[in-house]
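This report describes how the strands and helices of one protein model are arranged. Please read it alongside the sequence and the coordinates.

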Amino acid sequence: MTTTNTFGQPVGPPVPSWQGAESLSPVTLTGQWVRVEPLDADRHADALFTAWQAPDAAPETRDALAARWTYLGGRPFDDGPGCHAWLADRAASADPCFYAIVDAASGQALGIAAYLNIVPEHGSVEVGHLHFSPRLARTAAATEAMVLMMGHAFAQGYRRYEWKCDALNAPSRRAAERLGFRFEGIFRQHRVVQGHNRDTAWFSVLDGDWPALERAFACWLAADNFDPQGRQHRPLGELTEAALAAS
């Protein structure tokens, strides 16, 4: 959709009274299964190290856990103190702004996520640095954490919510599409990561998409969408695809 300026040139549609989005100051977001709270190494490091490392697991299990970090630039620590130091450095950052994802029932941190590339004047922000433990990955709690962060960004006036990942990271690309992000394309030779080329896949959700997606998320997260064993009746991807088609 375009309009025309006084010189007869096509330009984008007006954004009336745009004043920019609010800053994303650290805040605690609470859901049914998780809290998303500002990262604090002293409070979260021990639980995260245990969740990420499984130090008593068999060697093949430890290798599988380490492999989860491949598309995140590799695991940046080898022991508990190293994990604490790495998390303390992350917690001190304003952009990216890191959060711990805490299981509501146990109070244990099971993963982290961040807002990054935060540009309030244009209303654009990215979600990333997703480091989910096996206990968190592919659960309703993980989805809820992503929904809470997305909803908070739009509530603060952001117009564009981004997801970027290694173009070869098929699980991350599927996760983005399941959450209602639209694929926008590939940035070729975007980075060099651990001596390897990285092409980056870009996805986004826009503020105009959010009302329909919010309803889809509410339907999926509702108690009656899960059987007593916790299995979903309607897949989230089906709901978000329908929501975007109708919006």
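Are H6 and H7 roughly parallel or roughly antiparallel to each other? The model is a predicted one, and in it the axes of H6 and helix H7 (residues 236-246) come within 9 Å and cross at roughly 155 degrees. Angles over 145 degrees count as roughly antiparallel, and H6 and H7 are therefore roughly antiparallel to each other. The crossing in which H6 passes H7 is right-handed, and the contact is made on the H6 side by Ala-212, Leu-213, Ala-216, Phe-217, Cys-219 and Trp-220, which meet Leu-236, Leu-239, Thr-240, Ala-243 and Leu-244 of H7.

H6 (residues 210-221) also packs against helix H4 (residues 140-155), where the axes come within 11 Å and cross at roughly 155 degrees. That angle makes H4 roughly antiparallel to H6, although here the crossing, with H4 passing H6, is left-handed. From H4, the residues Ala-140, Thr-143, Glu-144, Val-147, Met-150, Gly-151 and Phe-154 take part in the contact, and from H6 their counterparts are Trp-210, Phe-217, Trp-220 and Leu-221. Phe-217 and Trp-220 thus appear in the contact with H4 and again in the contact with H7.

The strands come next. An open sheet of eight strands follows the order S3-S4-S5-S6-S7-S8-S10-S9, and its pairing is mixed. Strand S3 (29-30) and S9 stand at the edges with a single partner strand each, so one side of each is left without a neighbour in the sheet. Four of the pairings within this sheet are set out below.

| Strand pair | Bridges | Sense | Facing residues |
|---|---|---|---|
| S3 and S4 (residues 34-38) | two | antiparallel | Leu-29 and Val-36 |
| S7 (residues 124-132) and S8 | four | parallel | Ser-124 and Arg-160 |
| S8 (residues 160-166) and S10 | seven | antiparallel | Asp-166 and Thr-200 |
| S9 (residues 182-193) and S10 | eight | antiparallel | Val-193 and His-196 |

What share of the residues of S8 is buried? Seven of the seven are, so S8 is largely enclosed by the rest of the structure. S8 is joined in the parallel sense to S7 and in the antiparallel sense to S10 (residues 196-206).

S10 in turn forms a hairpin with the edge strand S9, with two residues between them, and Gln-194 in that turn has a positive phi of about 50 degrees. Val-193 of S9 stands opposite His-196 of S10.

Two further helices complete the picture given here. In helix H1 (residues 41-53), the buried residues are Ala-41, His-44, Ala-45, Ala-47, Leu-48, Phe-49, Ala-51, Trp-52 and Gln-53. The N-terminal end of H1 is capped by Asp-40, which places a side-chain oxygen 2.9 Å from the backbone nitrogen of Asp-42.

Is Pro-81 buried or exposed? This residue lies in helix H3 (residues 80-91), and with a relative accessible area of 61% Pro-81 is exposed, because the cut-off for that term is over 50%. Between the C-alpha atoms of Pro-81 and Met-150 the separation is 32 Å, the two residues being 69 residues apart along the chain, and Met-150 is one of the H4 residues that meet H6.

Technical notes: Residues numbered from 1 in each chain as written. Predicted model: local features only at pLDDT ≥ 70, side-chain atom pairs only at ≥ 80, totals over all residues. Heavy atoms only, no water. Buried < 20%, exposed > 50% of the residue type's maximum accessible area, 1.4 Å probe, protein only. Polar contact = N/O pair within 3.5 Å; in protein donor to acceptor, adjacent residues only side chain to side chain. Pairing = 2+ DSSP bridges. Axes fitted to C-alpha atoms, helices over the stretch in contact; angles between N-to-C directions. Parallel < 35°, antiparallel > 145°, perpendicular 65-115°, else oblique. Left-handed = near helix turned anticlockwise from the far one by under 90°. Contact = heavy atoms within 4.5 Å.
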